[in-house]
Structures are given as structure tokens and as C-alpha cells.
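The following paragraphs lead the reader through a protein model, from its aromatic pairs to its internal cavities and its salt bridges. Please keep the sequence and the structure in view while reading.

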Amino acid sequence: MNVTRQDGEVVRVAVVGPLSGPNTESGLLLAEAAAAVRQLAVRWELFDDRGGTDGAVARAEDVVADGGFAAVLTHLQSDGAHAVLDVYRAAGLPVLLPLAIAPGRSGFRTEAEADRTVLRLHPGDRSQIAAIVRACQERGKRRLAVLHDGSDRGRQLAGRLTEEAATNDTTGPELSVQLHEVWPDNDGTATVVVCGTHSGAARLLHQGLSGQPGHLVVLTDDCDILAGGPPPSTVVVTRLVGGAATRVTAAFAALGGALTKHPALRGAALLDMVRGELADIFDPAGDLLDGTAGGGWEVRPQRPLRASGGSAARRHHDIAVLGGGMVGRAAAAELAEGGASVVLLDDGTPGSSASAVSGALIRAFELDAGERDLACEAFLSLWGRPGPATAYGYHRTGALVLLSPADLEAAAAGVAELGKAGVAVELISVPELNARWPDVNTAGLAAAVWEPGAGYTRPTVAMAATLDRARRAGVELLPHHRVDSLTASPDGSVVLSGSNLRDDVRGRTEVHAEVVLVAAGIASPGLLGDRWPTDRPARTKHIRYAIFNRGDRRLPTIVDAATGAWARPDGLDGMLAGYPAEEWDLPPTPTAVPDERQVQWIRDGVSPLLPFLAEAKLLTGSSGTDLFVAGGPALGPLPGLPRAVVAAGWSGAGFKTSPAAAHRAAEAAAQLLGERRRAAASRG
């Protein structure tokens with residue numbers, strides 16, 4: 001689904017990649033990313049190049065001949081990149097490359113990029129080689145045996161690795177590096193580095209490990225492939241921080257966000273706007289800085305083999321997690337990382353997840369002590385760590401919480417508490433507020449809390465990174481399953497009954513688990529029925545925001561503690577703003593741009609703080625439905641059977657606390673699972 005702009009205009013983007021052929025698994029990232037950003041007002045049209053140079057050129061000619069596309073998004077195989085870029089450049093089409101690495105010696109420094117019509121988002125080989133060297137040194141390895149699969153990319157990377165790794169400038173002893181034509185004989189002292197395409201690496205890996213199991217093997221270029229079953233623990237992959245799927249999702253979100261706000265932009269101006277949507281750092285020429293924190297490389301074990309999206313006629317797991325928002329995904333990942341078998345179920349209905357349409361403001365400071373405790377824990381564990389946070393789409397803008405006289409005592413206590421925890425935060429006076437941010441109206445304010453490390457994140461990017469973590473931990477994903485009842489079986493386990501919503505596998509399903517964690521947002525009270533906590537009355541409420549043009553004003557994220565009005569920067573020139581509306585007990589609605597009346601409500605609520613918004617041009621907006629719970633979120637174990645944990649009801653402000661909320665929910669579920677196992681053991 002795509003949101004249609006109020007003016008009826010539909011912006012089209014060509015998406016070109018290997019939707020069939022040997023690299024189909026890689027091509028599926030494109031379709032998944034397009035689905036993840038379906039709330040944006042862009043029509044993504046997919047073209048299959050089968051992963052080859054000839055196919056890429058043919059599809060480029062098709063795209064150009066159409067004449068109706070605003071841009072091209074493709075993660076071309078690098079071998080054919082230069083020829084295709086020339087085709088697009090001649091037609092004046094800007095190109096976004098989330099995963100292509102140029103075969104050239106100096107990256108994509110071509111004539112096409114000199115006029116900024118190509119934007120590469122993939123870090124270069126130098127930082128990949130550095131990551132491999134660090135990983136080998138950390139494991140006590142001093143020899144690298146390098147081989148390739150015969151592809152141009154494999155040969156190129158193997159050559160660069162042998163040249164640069166031998167003279168690496170990382171801390172640690174030097175390495176002995178040797179290039180091999182065939183799988184080398186290995187006494188276990190050398191690390192075998194396999195360079196090539198996904199299919200080529202799989203072939204070499206299968207051949208080599210069949211004769212020499214147990215030796216450390218490093219796969220390059222995100223070749224997170226499986227050869228004949230679950231991989232041994234000695235096979236690791238050099239992968240993008242946050243995963244390839246997250247990188248592709250970030251590209252879709254950035255291009256879609258720029259075009260949703262500015263549908264008439266084209267060429268270099270469009271790509272400049274896209275850069276503003278991304279959390280990465282770019283050099284003066286507009287190219288991605290190699291090794292940008294969060295956009296570089298890491299070496300991790302291969303992803304374990306798990307099913308995803310199957311029919312689920314009957315399954316049994318340790319823990320079933322209901323809900324594919326930030327809390328559900330992160331809790332599932334943590335539980336699987338702890339050794340549990342975990343299944344994550346989500347129906348994927350547009351508008352069913354508040355996470356996907358969140359304003360995603362991030363900060364550690366809250367006036368309420370309980371909310372502050374969760375927010376601080378989340379900030380220290382993720383949002384305040386530059387590398388991981390950048391991979392999650394985090395933009396560090398700083399945040400102001402505006403205070404009335406009645407807030408001062410609680411604010412001072414909160415600032416002191418956060419300072420002791422290691423969070424940079426301070427109380428600032430009204431005169432200082434006026435001097436630093438003259439666009440903020442300070443009438444009636446007593447002070448403000450300034451948190452320089454705060455900001456916002458891109459929800460779809462953060463959710464993709466969290467899902468990548470869950471996949472790597474071995475979580476089984478059932479993304480099209482709607483659960484409508486939870487019952488206890490005779491042995492005390494939980495039976496989750498529902499429907500598979502996939503077009504090709506529709507029908508009733510059952511999933512069995514020892515424990516269920518319900519993090520299903522607005523659906524949570526209905527699923528739990530009379531087990532929903534009686535001291536936490538829950539109601540649904542519509543949440544919406546509008547994005548206005550802020551021009552070149554430099555502003556942080558802003559929250560008014562008294563009125564609930566809030567705003568944050570959005571890209572190069574947007575200001576995303578929201579104001580609470582008393583719209584209660586409403587069903588979920590499809591994502592849509594707010595209508596004229598709703599936009600005016602937001603203007604009237606936020607412009608007393610930011611007067612320029614009273615007349616600022618509307619760029620776009622969004623809406624969704626959230627669960628509001630009296631007395632704070634419902635978070636923890638529930639009494640009785642089946643064994644259940646609830647994590648829901650963030651009242652419109654849960655994105656910033658989601659890492660901590662997920663951790664606590666996972667701990668509670670793991671404890672129930674442990675009790676279940678101990679009880680079973682005591683019965684013999």
C-alpha cells in the first residue's frame with residue numbers, strides 16, 4: 001500500500017535488482033523494504049535484472065524509455081555499475097545505491113557522481129578489510145589465506161585484501177597474507193577469507209568445509225549464506241553494521257521521505273534532500289564517509305537457519321512473541337540470544353503498529369520518575385551509543401523539554417539523577433533559551449532541560465535493524481499471522497490460534513509455546529481479555545503529526561511539558577510537529593495524511609511555541625492508532641495460565657523506551673520459562 005498525497009499526485013521510483021536468478025535472496029531485500037515504507041507517498045515499481053550486467057543495462061534502458069520515474073533505487077552488482085550509471089545519467093535520473101560497491105580504485109568518483117546524480121550508501125572496502133583484520137587479531141590469528149570465487153568482484157576484493165591487510169594500520173601485530181587459487185591446505189593456524197558473490201561464496205564454503213571442518217572462515221561482502229544446513233560456529237561473515245536489510249530500508253525511507261515532502265524535486269537537488277534524511281555523515285563532495293559510525297562493517301557468526309513465514313500448521317516453541325513493533329522484535333531477539341526457541345507473530349496490517357508511524361523522539365529525560373528510569377536505561381543501552389544508534393537511523397539533534405514553574409522541582413531532581421547515570425543534561429534559563437533558539441517563544445516558561453545527546457530516529461530503519469537482530473539470533477518469523485485467541489493446553493502450555501493471512505497459504509493455524517509475550521499494541525487487551533491488568537484501564541487513541549517547512553532554521557527536538565505539544569527537525573528543511581487531540585476509543589485506521597482540519601489543530605497547538613509554524617507550508621503528515629494506559633504501561637508477568645507476559649500501552653511515547661521495555665519483558669518471559677522447566681524437571 002502507498003499513501004496518496006492530498007493533491008492526488010503519485011511519484012514513481014524504479015527499483016532494479018535481482019528478483020530472480022542466483023541472487024534472488026538478495027533481491028528480496030528490495031521488496032521487503034518497499035513494504036516496510038508503504039506509508040510513504042511513493043509508488044515503488046520493481047524491475048528484475050537477474051543480477052547480471054546485461055540484465056542491469058537492459059532494465060536501465062526500460063526505465064529510461066518509460067520517462068515517468070523520479071529516481072532509481074538499485075543495489076546493482078558492482079561489476080555492471082559504471083555502464084548503468086552512464087545510462088541513467090544521460091537521462092538525468094538520480095540513482096541511489098544502498099549496497100553496490102564500485103570496482104574502481106577510488107570508489108564512485110565518476111563523471112556521473114561529479115554532478116551529484118549518484119548517491120552511494122555502502123561503505124567501501126578499506127573499512128571492510130580493517131574489520132577483517134581486527135577480527136583475526138582478536139581471535140589470535142596471524143595468517144590470512146585469501147581465495148575468490150572467480151567473479152570480477154571476488155578477484156578485485158581478494159587482490160585489495162592481500163595488498164592492504166599485509167600493511168594494515170590497525171592496532172595489533174602484522175598479518176601474513178597469501179592469495180590462493182583453490183581452497184588452501186590449513187593446519188588450523190590460518191584464517192581462510194572467501195571473497196565473492198553470495199552464490200560463489202556458498203559454493204566455495206561447501207567445498208572447503210567438507211574437507212576441513214572447524215577452521216575459522218571469513219566470508220566477505222555480507223555473504224550471509226548457508227551451505228547445506230546450519231553453519232558451524234567457525235564461519236563468520238563480514239557484514240554491514242545493522243545488516244544489509246537495514247541499509248536497504250534506510251535508502252527506501254530516505255528517498256521516499258524526500259519525495260513525499262518534495263514530489264517535484266529531481267536530479268542532484270533530490271539526492272541532496274535524501275542526504276538530509278539519512279543518519280550518515282557525508283564528505284563535501286556528497287559521498288559517504290567510509291566507515292561512518294553505524295554505516296561500517298562488523299564480523300559476526302553466520303545467521304542460523306530458521307523458517308520464516310511458513311504455514312505453521314502446528315508448531316511448538318519455548319516462547320511466542322505477539323507483535324512486530326519495536327518492543328516485540330527486540331524482546332524476541334533478546335530471548336533467542338539467551339538460548340530460547342522463539343517465534344515472532346505479527347499480522348502486518350497497515351496501521352496496526354504504532355511503531356511504524358511514530359514521531360520517534362528520543363531522550364533520557366522525563367519528569368515522571370518511572371518513565372525516566374525506562375528512558376535512561378534505553379538511552380544508555382542503545383540511543384546514546386553513536387555506532388549502534390546510527391545503524392538504527394538515529395539523528396542527534398539535542399532536545400529541549402520546556403518547563404512551567406510547577407515543573408522545576410521535579411526537573412531539577414531528574415537532571416541530577418541523569419547526571420549521576422552518565423547522561424549529559426542540564427537546566428537552562430529562559431534568557432539562555434532565547435539567545436540560543438530565538439525561534440522558540442519563551443513566554444510563560446520558567447526554564448528548560450537541555451539534553452545534547454537526544455534527538456530522533458527513523459522508525460522504519462530502527463525496526464529493520466531490530467528485525468535483523470532477531471533473525472540473526474534465530475527467531476522464527478511468522479509475519480502474516482493474526483492470532484485471535486490464547487488458551488492453556490492441558491499440560492499448561494499456551495495455544496495460539498489464528499489465521500495465516502498470506503495469499504498463498506490462507507487458513508487456520510495453531511502455534512504452541514511454553515510462554516507467550518503479548519506486545520501487540522492496541523490488540524493486547526482484546527487478546528488477554530480478563531487477564532488484562534485491572535489497575536491499567538486501556539483506551540485507543542489516534543496519533544497524528546504534520547510536517548511543515550522550517551526553511552534553514554536550526555532547531556532541536558522540542559517538547560512542552562505543560563501542553564504536550566512537540567516538534568522535531570525532519571530532514572534538511574522539515575519540522576515534524578504534533579499536538580494531543582481528544583479522540584478516544586477509535587478503531588485502527590490506515591495510514592493517511594491529516595486532513596485540513598487536523599492540520600489546523602496541530603498548527604494551533606504548536607505555533608504558540610514555534611510561531612513560524614502558523615504560516616509554514618505543509619509538506620506532509622501521518623497518522624496511526626496507539627494504546628493509552630492509565631498509570632503507565634502494562635509491563636510484566638500475569639498471574640494464572642497460560643504463562644504470559646504483557647508489554648503494551650506506551651501512551652504515544654514508547655519508541656525512546658523500547659530497548660529497555662523489551663529487556664524487562666524478555667527477562668520476565670525468561671523467568672516464567674525457567675519456572676516452567678523447573679516444575680517439569682521436579683515431576684521427573
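Does tryptophan 44 count as buried or exposed? At 10% relative accessibility, tryptophan 44 counts as buried, where buried means under 20% relative accessible area, exposed over 50%, and partly exposed in between (1.4 Å probe, protein chains only). This is a predicted model, in which local features need pLDDT of at least 70 and side-chain atom pairs count only at pLDDT 80 or more, while totals for chains, interfaces and linings use all residues. Residues are numbered from 1 along each chain as its sequence is written, and side-chain values use heavy atoms, with hydrogens and water left out.

A pair of aromatic rings is described by the distance of the centres and the angle of the planes. Rings of Phe, Tyr and Trp (its six-membered ring) are taken as a pair if their centres lie within 6.5 Å; planes under 30 degrees apart count as stacked, over 60 as edge-to-face and the rest as tilted. The count by this rule comes to nine aromatic pairs. In one of them, the ring centres of tryptophan 44 and phenylalanine 252 are 4.7 Å apart and the planes stand at 55°, so the pair is tilted. Tryptophan 44 lies in strand β2 (residues 42-48) and phenylalanine 252 in helix α8, so the pair ties together parts that are 208 residues apart in sequence. Here helices (H or I, at least four residues) and strands (E, at least two) are DSSP runs, numbered from the N terminus. Phenylalanine 252 is buried, with a relative accessible area of 0%. The rings of tyrosine 545 and tryptophan 566 have centres 6.4 Å apart and planes at 70°, so this pair is edge-to-face. It links strand β24, which holds tyrosine 545, to strand β26, which holds tryptophan 566, the two residues being 21 residues apart. Tyrosine 545 counts as buried at 13% relative accessibility. Ring pairs also link Trp383, Tyr392, Tyr394 and Phe655 into a cluster.

Tyrosine 545 leads on to the internal space, since Tyr545 is among the residues nearest the centre of the largest cavity, together with Gln39, Leu40, Arg458 and Ile547. On a 1 Å grid over the protein atoms alone, a cavity is a set of points where a 1.4 Å probe fits but cannot get out, and lining residues have an atom within 4 Å of a point. Grid points are joined across faces, edges and corners, and a volume is the space filled by probe spheres set on the points. The structure holds three cavities of 30 Å³ or more, and about 360 Å³ of space lies in the largest. Its lining comprises 27 residues, divided by class into 13 nonpolar, nine polar and five charged; Ala, Val, Leu, Ile, Met, Phe, Trp, Tyr, Cys and Pro count as nonpolar, Asp, Glu, Lys and Arg as charged, and the others, Gly among them, as polar. Helix α8 (244-261) supplies the largest share of this lining, four residues. At least two residues each come from α8, α15 (459-473), β24 (538-549), β26 (566-570) and β28 (618-629).

The second largest cavity holds about 150 Å³ of space. Of its 17 lining residues, Arg247, Ala250, Thr390, Gly393 and Val461 are the closest to its centre. Helix α8 again gives the largest share, here five residues, and α12 (386-391) also supplies at least two.

Helix α8 has a further role in the packing of helix α9 (residues 267-277), eight of whose eleven residues are buried. The buried residues of α9 pack against β3 (71-74), β4 (95-97), β5 (118-120), α8, β15 (394-396) and β26, contact meaning heavy atoms within 4.5 Å.

Side chains of opposite charge can pair when their charged atoms come close. With a salt bridge taken as a side-chain nitrogen of Lys or Arg within 4 Å of a carboxyl oxygen of Asp or Glu, the whole structure has 36. Arginine 12 bridges to aspartate 66, the closest N and O atoms being 3.0 Å apart. This pair joins strand β1 (residues 11-17) to helix α2 (residues 53-66) across 54 residues. Arginine 12 is buried at 19% relative accessible area, whereas aspartate 66 is partly exposed at 39%. Glutamate 337 forms a salt bridge with arginine 469, with 2.9 Å between the closest N and O atoms. Glutamate 337 lies in helix α10 (residues 326-337) and arginine 469 in helix α15, 132 residues apart.

Technical notes
1 Å grid on protein atoms, 1.4 Å probe; cavity = no way out; pocket = protein on both sides within 12 Å on 5 of 7 lines; lining within 4 Å.
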